[in-house]
Amino acid sequence: MSTPAPPAAPRTAMWPLYAAGFTTAFGAHGVAASLGGFSEDAVTSLLILGGLLALYDGAEVLLKPVFGTLADRIGARPVLLGGLVAFASASAVYAVADTSGWLWAARLGQGAAASAFSPSASALVARLNPAAKHGRAFGSYGFHKSIGYTLGPLLGGVLVWAGGLRLLFAVMAVLAAAVALWALLAVPVVPPLPKARQTVLDLARRLTSRTFLAPTAALAGATAALSVGVGFLPVSGRAAGLGTVATGAAVSLLALTAAVVQPRAGSALDEGRLTTRTGLAAGLLVTAAGLGCAMLPGLTGVLTGAALIGAGTGLITPLGFAALAAGTPRERLGQTMGSAELGRELGDAGGPLLVAAVATATTLTYGFAALALLLAVGPLLTLLGRDRKAAETERGSGA
């Protein structure tokens, strides 16, 4: 039997969790966008650059479900604090020891540490708020992560320009250490909840149920579209003769729109103006429409595509996490959030791979179309199913 949800925690307890969300986003995009930048210690080999980028994401794919399960067993707060301290330590390694080998070790350590504190922060957001406020809480958490994604490349670029990669890693070490201290002082102890013994079959049933698969698939689709937008909209813009300022503005517009939409979508869910099922379907369709607009030539296509992709992903993210929290026993939140984060990581990698594969065989326009079709299939099949069911009900009542 699950323990009743506690009243909402003080807002001061939530801010360190939002800061942790910002830290993981800044750590992912700030470094990724700066590794090949213009500095004396920049990575010049494309093969090494690809390996360093994959190292961080690979660690997250493998370890997020593990640390999510650990958070349920010993409590999410210790895993959060340990992950932040580990992130600070891994970042400090390269800031102190400026060699290529330590850069690999630091990036692997950052990915492993983010795998610990990211799902733990999501679980704490759910544990520290009643179900009636999950939409707003996850909307605020997603807002701060989006700010990290938005500012990461910009701030990372400035820091690398000023002092090279070592300065960037030093700042990240200080940031993670400060957030860890803040969380230690402000986030209350949330003890693990008693739980019934879970078999592998029980876990498989829960992770293959619609309450888990539907929001996780939507989150994976949103992350895939976000990654494609960030990576390929500038390519589309350059092909249309646009400069770096215009293409950079498009990426910023995408991330900023996602950041602005998330808290509003969460509030609409909490106030009953939106349901998770309707919101997720609408978010996928809006995101698919954004990819469709990205197929249009010129600045109009790039900007409208960016805005709609940002709006769609901003709608999906808080609703998806709120749906996962609502459909999960509170004593298993860490495991669910870690597994859902795995789905997002797969979408983050799979979306660009799909678009790149189709674009290589045809053109980038068809790559956008392929992902748009994939995202729109689920909601359209749901709508068709509803119409068919309504027609059958009408025929039955007429008989």
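In the close-ups that follow, Ala, Val, Leu, Ile, Met, Phe, Trp, Tyr, Cys and Pro count as nonpolar, Asp, Glu, Lys and Arg count as charged, and the others, Gly among them, count as polar.

**View 1. The whole chain, for orientation.** Welcome to a predicted model of a protein chain with 12 helices and 0 strands. Read from the N terminus on, its elements run α-α-α-α-α-α-α-α-α-α-α-α. The chain has 399 residues, and buried ones make up 48% of them.

**View 2. The enclosed cavity.** The structure holds 1 cavity of 30 Å³ or more. The volume of the largest cavity is about 100 Å³. Its lining is made of 14 residues, and Ala71, Asp72, Ala76, Arg127 and Arg330 are the closest to the centre. Helix H2 (46-74), helix H4 (100-127) and helix H11 (333-361) are the elements that give two or more residues to this lining. Sorted by class, the lining of the largest cavity has 8 nonpolar, 2 polar and 4 charged residues.

**View 3. The second largest pocket.** Here we turn to a pocket with about 800 Å³ of space. Its lining counts 34 residues, and Ala214, Ala217, Ala218, Leu280 and Leu284 lie nearest the centre. Five names are worth finding in this view: helix H7 (210-239), helix H9 (276-294), helix H10 (298-326), H11 and helix H12 (364-398) are the elements that give two or more residues to the lining. Which element gives the most to the lining of the second largest pocket? That is H7, with 10 residues. By class, this lining has 21 nonpolar, 10 polar and 3 charged residues.

**View 4. Lys64 and its salt bridges.** By the rule used here, the count comes to 6 salt bridges, and this view shows two that involve Lys64. In one, Lys64 pairs with Glu341, and the closest N and O atoms are 3.1 Å apart. Lys64 sits in helix H2 and Glu341 in helix H11, so this pair links distant parts of the chain, 277 residues apart. In another, the side chains of Lys64 and Glu345 meet at 3.2 Å, N to O. Glu345 is also found in helix H11, 281 residues from Lys64 along the chain. Lys64 and Glu341 are buried, and Glu345 is buried too. Together with Glu60, these residues Lys64, Glu341 and Glu345 are linked in a network of salt bridges.

**View 5. Arg136 meets Glu271.** The side chains of Arg136 and Glu271 form a salt bridge at 3.4 Å, N to O. Arg136 lies in helix H5 and Glu271 in the loop between helix H8 (244-270) and H9, so the pair ties together parts that are 135 residues apart in sequence. Are these two residues buried or exposed? Arg136 counts as partly exposed because its relative accessibility is 34%, and Glu271 counts as partly exposed because its value is 48%.

**View 6. A nonpolar patch on the surface.** Leu151, Leu154, Leu155, Val158 and Trp161 make a nonpolar surface patch of about 530 Å². Trp161 belongs to helix H5 (residues 134-186). With 73% relative accessibility, Trp161 counts as exposed, because the cut-off for exposed is over 50%.

**View 7. Ala239 and Pro297.** Ala239 has its place in helix H7. Its relative accessible area is 72%, so Ala239 is exposed. The C-alpha atoms of Ala239 and Pro297 are separated by 8.9 Å, while the two residues are 58 residues apart along the chain.

Terms used: Residues are numbered from 1 along each chain as its sequence is written. This is a predicted model: local features need pLDDT of at least 70, side-chain atom pairs count only at pLDDT 80 or more; totals for chains, interfaces and linings use all residues. Side-chain values use heavy atoms; hydrogens and water are left out. On a 1 Å grid over the protein atoms alone, a cavity is a set of points where a 1.4 Å probe fits but cannot get out, and a pocket is an open set with protein on both sides within 12 Å along at least five of seven lines; lining residues have an atom within 4 Å of a point. Grid points are joined across faces, edges and corners, and a volume is the space filled by probe spheres set on the points. Helices (H or I, at least four residues) and strands (E, at least two) are DSSP runs, numbered from the N terminus. Patches are made of residues with over 30% relative accessible area and no salt bridge: like charges are joined within 9 Å, nonpolar side chains (Val, Leu, Ile, Met, Phe, Trp, Tyr) within 5 Å. Accessible areas come from the Shrake-Rupley method with a 1.4 Å probe; for residues, only the protein chains shown count as cover. A salt bridge is a side-chain nitrogen of Lys or Arg within 4 Å of a carboxyl oxygen of Asp or Glu. Buried means under 20% relative accessible area, exposed over 50%, partly exposed in between (1.4 Å probe, protein chains only).
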